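Please load the model in your viewer and keep a selection panel open, since each stop on this tour begins with something to pick.

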Amino acid sequence: MTDTSSRQLAYERAYQVKSLTGLDTADPIEGRVVWDPLRSLWNAGMLLAALAQAPLYITWGAVAVFLALSAITMCAGHSVGFHRRLIHRSFECPKWLERLLVWLGIAVGMGGPIWTIRLHDSRDWAQRQPACHAILAHKKAMWLDGLLYLHGRLKLRHPPHFEPGPGISDDPFYRFLDRTWMLHQIPIGLALYAVGGWPWVVWGVFVRVSLCTTMHWLISYLAHTRGPQDWTVDGAVIQAHNVPLLAIPTMGESWHNNHHAFPGSARHGLYPGQIDLGWWFIKLLAFLGLAWDIRVPANLPPRPGITPVSARALSVAAPGQAELSLKPAAG
């Protein structure tokens, strides 16, 4: 393989959406949002159960279980397992560990692994285009955006073809999780009931799932509409923003401007003071010998098509990033 081919392959692995094909004929604009009955009933049921029962069964132990399970599933599961490992392959780890992290991801209660990859990659591709559908651009009122996100799904008239690729679509365990992700709250609930009774079930399942699901929508909305930036992505209709106040509850996912600039990076909190609990967890895995080949901006290939918009932006970038990324700004 030539040096040019090697650089191109490294660039594709780090920055391009990997699961979508047929993009030359796909249209990110024309489509409609339809009701998603199963997901809508799930989200509404969890929220109503939480609102009705949480005030009646609040104990210190139940709240502690809610906080602990939320932290474990959101950090190790959703942020590290789903996002940084399964979707972006930003580090390597044993297959058994990947599957454990992915199981913790479905325990959050938002969806299965294959569904999550489709949702992420389709949205990411659409938002990088010069224009996209209004729901992907978050152009609706905040309350309506949340309602449509949690209870509907976008049906594009000309969608791209989705294929998550080897190691995912051909993995029977991941296909099983994608079909049964809701049912996994049952053993969790039974275990909680056996130890702490009904208050632990209310806070460890209903409150946790409803709040984590709602927060996932909220960070998506805020991170694509407002907040500080260090980079812009040239030609993209939607620019990402950092949301400092949500750094801890999102396990570092709220440093979304950094992530849009360097999606292949295992570290999202790139600059001083940016707390990134997901990154700390990956560092712990590396210390234990369970994670390696960890990618960060300094060892990723330079990325054409991003422009620094702050004085500190280039301090974390790979050698050569300055020359490539400053060219668009000069024009």
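Throughout, buried means under 20% relative accessible area, exposed means over 50%, and partly exposed covers what lies in between, computed with a 1.4 Å probe on protein chains only. This is a predicted model, in which local features need pLDDT of at least 70 and side-chain atom pairs count only at pLDDT 80 or more, while totals for chains, interfaces and linings use all residues. Residues are numbered from 1 along each chain as its sequence is written, and side-chain values use heavy atoms, with hydrogens and water left out.

Start with the charged side chains by selecting Asp293 and Arg295, whose side chains meet in a salt bridge of 3.0 Å from N to O; the term stands for a side-chain nitrogen of Lys or Arg within 4 Å of a carboxyl oxygen of Asp or Glu. Asp293 is partly exposed at 46% relative accessible area, and Arg295 is also partly exposed, at 22%. Extend the selection to Arg85, Arg89, Glu92, Lys95, Glu98, Arg99 and Asp171, which salt bridges with shared partners join to Asp293 and Arg295 in one network.

Within that selection, pick out Lys95 and Glu98, which form a salt bridge with the closest N and O atoms 2.9 Å apart. Both lie in helix H4, three residues apart, or about one turn of the helix; helices here are DSSP runs (H or I, at least four residues), as strands are (E, at least two), numbered from the N terminus. Glu98 is buried, with a relative accessible area of 1%, whereas Lys95 counts as partly exposed at 33%.

Move next to Asp36 and Arg39, a salt bridge whose closest N and O atoms are 3.6 Å apart. Here Asp36 is buried at 14% relative accessibility, and Arg39 is buried at 12%.

Now turn to the backbone. Most residues other than glycine have a negative phi. Arg89, in the loop between H3 and H4, has a positive phi of about 50° although it is not a glycine. His138 has a positive phi of about 55°, and its place is in the loop between H5 and helix H6 (142–151).

Select His120 next, in helix H5 (residues 113–127). His120 is buried, with 12% relative accessibility. Leaving out residues up to four places away in sequence, His120 touches His83, Ile87, His88 and His259, where contact means heavy atoms within 4.5 Å.

For the nonpolar interior, select Trp203, Val205, Phe206 and Val207, which touch the most other members among the 41 residues of the largest nonpolar core; such a core is a set of buried Ala, Val, Leu, Ile, Met, Phe, Trp, Tyr and Cys residues joined through side-chain atoms within 4.5 Å. The largest share of this core, seven residues, comes from H9. A separate core of 13 residues includes Phe91, Leu101, Ala266 and Val296.

Finish with residues 57–80 and 100–117, which an unreviewed UniProt entry lists under "transmembrane region"; UniProt positions are given in the numbering used here, feature names are shortened, and annotations may be inferred rather than shown by experiment. Residues 57–80 are 88% helix and 0% strand, with end C-alpha atoms 31 Å apart. Residues 100–117 are 72% helix and 0% strand, and their end C-alpha atoms are 17 Å apart.
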